[in-house]
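Dear colleague,

I am passing on to you the structure that we spoke about, together with some notes on what was found in it. Please look through the sequence and the coordinates before reading on.

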Amino acid sequence: MLSVSSLTKYYGSIKAADAVSFTLYPGEILGLVGPNGAGKTTTLRCLCGILTPNEGRILVGGYDLQKDDLAAKRLLAFIPETPNHYDLLTVDEQLRFIAMCYDTIDEYDRKKDELLDLYDLKEKKNTLVAELSKGMKQKLAIIGAMIHRASIFLCDEPMIGLDPQGQHSFKTELQNLRAAHCSAIVSTHLLETVETLCDRFIIMDAGKNIFEGTLEELQSRTDMHTHSLEEIFLHLTTRGND
Amino acid sequence: MTILIVGYLLTYLIMMFHNPGLSQNLKAGSIQIDSQSTLATLTFAHLLILLYIISPPKKMYRIFTESDIANLYPVPLKRWRVFRFFLFSRTYLSIFFFMGIMALNLSLAIRSFLPGIVIDVQAQTQFLEMIFYAILIVVALAGLMFWRLVLDIRSSFSLIPKYTFVVLMSSYFALIALCVCFHSYQAASSGFDLNTGLNTAANTQPLSLALAPFGLFADLLLGRFNILSFSNFFSFMFWITLCASGYIVLRSHSSMLYEYASVLTDFRAQMKERTRNPAAMARDQMGDKKKFLRLPWFIRMLRVKRSGAIFWRDMIITWRSSGQFMKGFHSFLLLVVVGSWLYTFLFHRLVADNIILFGSAMMMFTIGFPLVLVAVVGFSKTLQMVDVLKPLPFSAKKVVSIHIFTWMAVIYAMTFLPFITASVLFSHLWYKILYILLLGWSFAPTFISAFFLVTLHNPDQEDPIQRIYVLFFGVLLSFLASVPAIIIMVVELLLHLNKVLFLLLIIAANFVSFRILHNLSAKKYVNFVFTD
């Protein structure tokens with residue numbers, strides 16, 4: 001569904017992503033973990049087309065993101081770490097705008113009440129985005145990602161700022177999407193969430209993909225069979241460890 | 001800047017005391033007022049404004065508003081640095097002020113070339129002189145601005161190594177000193193006085209080049225410039241090249257601005273705390289909440305899909321942020337048109353056709369240009385949200401086209417009704433009024449795309465340097481991109497060929513310029529990322 005090979009991105013002379021390669025399969029939730037500055041956000045921003053990689057190839061549903069970007073982007077939905085919305089649009093207008101861009105306005109009109117209700121935003125339908133709290137803006141970003149027919153969801157710290165109910169709704173929504181053979185990459189620092197929600201995960205450090213697989217594979221590879229993901233993660237990424 | 005002003009005044013004084021004609025006229029107490037002396041007076045007025053603006057005030061509140069002081073003083077920026085940014089932007093505003101006067105004078109000449117008006121050879125020469133005058137003033141001001149920029153950037157960010165700067169400046173002053181000494185010595189040995197030597201020195205190529213902005217101003221002030229003079233042409237090329245290369249050099253050293261960026265981050269954070277929510281501010285301007293949220297009929301009517309959604313969104317944001325202003329401005333323009341007609345109709349006043357056409361041209365300029373500047377704010381806000389737009393399935397070209405198209409639509413909408421009304425009310429001139437409308441419309445995309453391209457390079461309008469860059473280079477690029485169309489326009493005015501054919505050629509020339517700028521913008525947009 002999504003194939004990344006040798007993705008490299010420089011910021012000036014700094015290598016933010018260093019030959020990152022992985023594959024995301026249909027119906028899979030892939031966790032992306034790593035310390036701050038590991039290159040997670042850069043990788044996701046390259047995957048959704050915000051940044052142009054310096055090297056490497058990204059195939060989305062068989063479409064090359066560089067060569068056939070429009071077809072590839074139609075399959076993608078991106079939830080950024082800091083939600084960016086238009087302050088002068090209302091909640092309804094913001095969502096309508098996204099739906100119009102993807103030509104799914106009829107579907108939006110059918111589903112909007114249900115989605116807004118799920119994330120407690122129904123009352124705020126005609127409120128300006130500028131007046132929403134940070135958590136509400138995050139919920140709006142999640143709804144925005146759900147209202148077009150995307151099959152790959154790229155989520156960068158999606159649960160930051162969400163209340164417990166919102167977190168639960170989001171996790172449930174991701175599981176529903178998995179059941180519908182959609183895929184997701186979830187970048188997060190919440191390692192417990194990765195353990196419970198994700199099928200596989202990638203550990204990134206200093207721009208490199210240092211591990212890709214399941215928790216069992218990681219435990220086996222590090223010979224830390226009884227340890228939690230958090231313990232192994234700290235062992236792998238703490239400075240001084242090889 | 002002190003050096004600049006001293007040089008400016010000195011050259012002016014030297015030139016003035018070496019113009020016997022003017023001295024005699026001054027003694028006799030009669031100076032003939034012609035178009036050139038009007039311009040010269042205006043140039044002098046500009047100098048006074050410039051002096052007023054750049055002279056350091058004894059009390060800061062004369063320059064800063066109360067809110068500026070409240071917001072800017074507590075931030076961790078050196079006060080003098082903030083002060084200089086203000087000076088620079090105000091100098092720029094004075095240029096705009098001067099350009100307005102220049103446009104007024106130019107239009108006086110242009111109107112004598114409009115269809116149906118008798119043209120004489122003298123008027124043609126005067127027209128050409130006016131154009132050159134205007135170009136020289138802009139170039140001279142560009143020269144001054146460039147020096148200001150170089151000095152500011154150097155002192156604030158140390159972009160130019162100190163020794164390079166010292167060598168450059170020493171060479172500059174050494175060249176002036178050498179020329180002055182050489183010609184003064186020659187004059188003295190030939191039995192002439194010092195003034196003759198200074199005057200000869202000022203007219204030599206090296207010195208006229210070194211003192212280009214000062215010399216040009218002095219000539220303009222005295223109303224004695226010579227349009228065929230090689231030195232004028234040379235200094236024109238010199239300053240344009242210098243400005244262009246200066247821009248490239250400064251951009252390539254943008255990494256040196258990191259230090260400034262970190263200071264600016266704190267500045268911006270503090271400003272954010274002190275400023276109100278933009279939506280709340282806009283809503284206050286609109287009145288009650290219901291009125292604010294209700295969209296006008298032309299936006300409600302839009303039933304769009306795909307890339308049209310960007311236009312729809314742009315229209316809503318534009319309406320909510322500056323809709324009230326535009327509505328008021330539009331009503332005012334309509335009132336002016338209808339009022340003018342009522343005045344002529346009720347009081348049986350006979351107004352010359354030229355005045356009506358001149359008014360139309362002025363209206364086009366006064367509506368179009370400020371709106372292009374408002375568009376920069378819109379572009380800047382849009383580019384800050386690039387993370388939302390880039391993942392959407394649209395090509396860079398399409399996104400750029402729609403942003404440009406939005407502002408074209410705004411300008412066209414603002415001008416359409418007043419011009420149509422004017423052409424109906426002043427029906428005997430209808431085709432000429434519409435000709436001016438179409439002419440103005442053809443320049444709009446070129447200007448908008450020029451400003452969009454420059455905004456892409458300097459997207460952060462909260463950064464004083466980037467704001468100045470956008471305004472300064474936006475104007476330069478707009479005029480540069482309009483040159484082919486202007487040349488066609490001048491040829492048409494001089495040769496009186498078929499108006500329709502030339503209008504089509506002007507539209508075609510502007511379209512080509514627009515396409516070039518549009519493609520460059522799209523290319524830049526592909527890799528564009530907004531960073532604070």
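The notes below go from the chain as a whole to its contact with a partner chain and then to a few single residues.

Please keep in mind throughout that this is a predicted model. Chain A holds nine helices and 10 strands, and of its 242 residues 48% are buried. When the contacts in chain A with a separation of 6 or more are taken together, 69% of them join residues that stand 24 or more positions apart.

Chain A also touches chain B, and here 27 residues of chain A are in contact with 26 residues of chain B. On the chain A side, at least two residues each are supplied by helix 2 (69-74), strand 6 (76-79) and helix 3 (91-101), and it is helix 3 of chain A that gives the largest share, with four residues. Sorted by class, this side of chain A comprises 16 nonpolar residues, along with five polar and six charged ones.

Two aspartates deserve a look for their backbone angles. A:D103 is not a glycine, and yet its phi is positive, at about 60°; this residue sits in the loop that runs between helix 3 and helix 4 (105-118) of chain A. Is A:D103 buried, exposed or partly exposed? A:D103 has 15 other C-beta atoms within 10 Å, and because that number falls between the cut-off of 12 or fewer for exposed and that of 20 or more for buried, A:D103 counts as partly exposed.

A:D223 likewise has a positive phi, near 60°, in a residue other than glycine, and its place is the loop between helix 8 (215-222) and helix 9 (229-237) of chain A. A:D223 is classed as exposed, because there are 8 C-beta neighbours inside 10 Å.

At the other end of helix 8 you will find A:T214, which belongs to the loop between strand 10 (208-213) and helix 8 of chain A. A:T214 has 12 C-beta neighbours inside 10 Å and therefore counts as exposed, since the exposed class takes in residues with 12 or fewer. Which distance separates the C-alpha atoms of A:T214 and A:R200? Although these two residues are 14 residues apart along the chain, their C-alpha atoms are separated by 4.5 Å.

With best regards

Methods:
Residues are numbered from 1 along each chain as its sequence is written. Chains are lettered from A and ligands numbered from 1 in the order in which they are written. This is a predicted model: local features need pLDDT of at least 70, side-chain atom pairs count only at pLDDT 80 or more; totals for chains, interfaces and linings use all residues. Two residues are in contact if their C-beta atoms, placed from the backbone, lie within 7 Å. Ala, Val, Leu, Ile, Met, Phe, Trp, Tyr, Cys and Pro count as nonpolar, Asp, Glu, Lys and Arg as charged, and the others, Gly among them, as polar.
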